[in-house]
Amino acid sequence: FKIKYLKLFDAAWVPGYKQREYAQHLGFDFNNIYDGIYSCNNKLFNKYYLENIESKTKFFPKKLLFVGRYIEIKGIKELWINFVEIIEEFNLDWELWCVGTGDLWDKRMIHSSIKHFGFLQPEELKDVIRQTGIYVLPSKYEPWGVSLHEMVTAGMPVLASDNVGS
């Protein structure tokens, strides 16, 4: 790439730190690497943070939130199974709220402590974010999780696997 193709490009636009490192490995100068691709709507999700910080400081919701596709690589099945095992073993009153659809939708775990919303647009997440406490992204492979970027911008604490590139 450095010999044959680098001269064809002025810059690289990448989503995050790991991708910046890769672009440098390809030969791009640090000053010619820009980030922000695959970005969330910072203004919208920061607004959610500002609207919820006071209420969540007074009463932290015992609800985990997953936002993503219902597919194997997201680790959603393992999340459902482990969540139910933990709350039942320790008699916890936590809930898991899941937003998304995908190949595993028809195989989703039905449990009284798990709530499935289907697909929601970012503007429709306002009440879900307000009512949940911790964002969970258990992906087996995730080069860049826009949903993680969104939830961090919304002020959510995060539990993410070490396979999430963002």
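**View 1. Five helices and seven strands make up the chain.** The model is predicted. Along the sequence, the elements run β-α-β-α-β-α-β-β-α-β-α-β. The C-alpha atoms occupy a box of roughly 60 × 35 × 25 Å along the principal axes. The chain has 166 residues, and 42% of them count as buried. Its accessible surface is about 10,200 Å². Carbon and sulfur atoms hold 55% of that area. Among contacts with a separation of 6 or more, 59% link residues 24 or more positions apart.

**View 2. Helix H2 spans residues 42–58.** H2 has 17 residues. From first C-alpha to last, H2 reaches 25 Å. That is close to the 24 Å expected at 1.5 Å a residue. The helix is bent all the same: the angle is about 45°, at asparagine 52.

**View 3. The buried residues of H2 face two other helices.** Leu44, Phe45, Tyr48, Asn52 and Lys56 are the buried residues of H2. Asn52 is thus listed among the buried residues and also marks the bend. An α-helix has 3.6 residues a turn, so residues three or four places apart point the same way. The partners of the buried residues are helix H4 (126–131) and helix H5 (146–153).

**View 4. Phe1, Tyr5, Leu8 and Phe9 form a nonpolar surface patch.** The patch covers about 420 Å². One of its members, Leu8, lies in the segment before strand S1 (12–14). Is leucine 8 buried or exposed? Leucine 8 counts as exposed because its relative accessibility is 60%, and the cut-off for exposed is over 50%.

**View 5. Asparagine 91 has a positive phi.** The angle is about 50°, although the residue is not a glycine. Where does asparagine 91 sit? Its place is the loop between helix H3 (76–89) and strand S4 (95–99). Asparagine 91 counts as exposed because its relative accessibility is 70%. The two asparagines can be set side by side: Asn52 is buried in H2, whereas asparagine 91 is exposed in a loop.

Key:
Residues are numbered from 1 along each chain as its sequence is written. This is a predicted model: local features need pLDDT of at least 70, side-chain atom pairs count only at pLDDT 80 or more; totals for chains, interfaces and linings use all residues. Side-chain values use heavy atoms; hydrogens and water are left out. Patches are made of residues with over 30% relative accessible area and no salt bridge: like charges are joined within 9 Å, nonpolar side chains (Val, Leu, Ile, Met, Phe, Trp, Tyr) within 5 Å. Accessible areas come from the Shrake-Rupley method with a 1.4 Å probe; for residues, only the protein chains shown count as cover. A salt bridge is a side-chain nitrogen of Lys or Arg within 4 Å of a carboxyl oxygen of Asp or Glu. Helices (H or I, at least four residues) and strands (E, at least two) are DSSP runs, numbered from the N terminus. Buried means under 20% relative accessible area, exposed over 50%, partly exposed in between (1.4 Å probe, protein chains only). The expected span of a helix is 1.5 Å times one less than its number of residues. The bend at a residue is the angle between axes fitted to the seven residues ending there and the seven starting there. Contact means heavy atoms within 4.5 Å.
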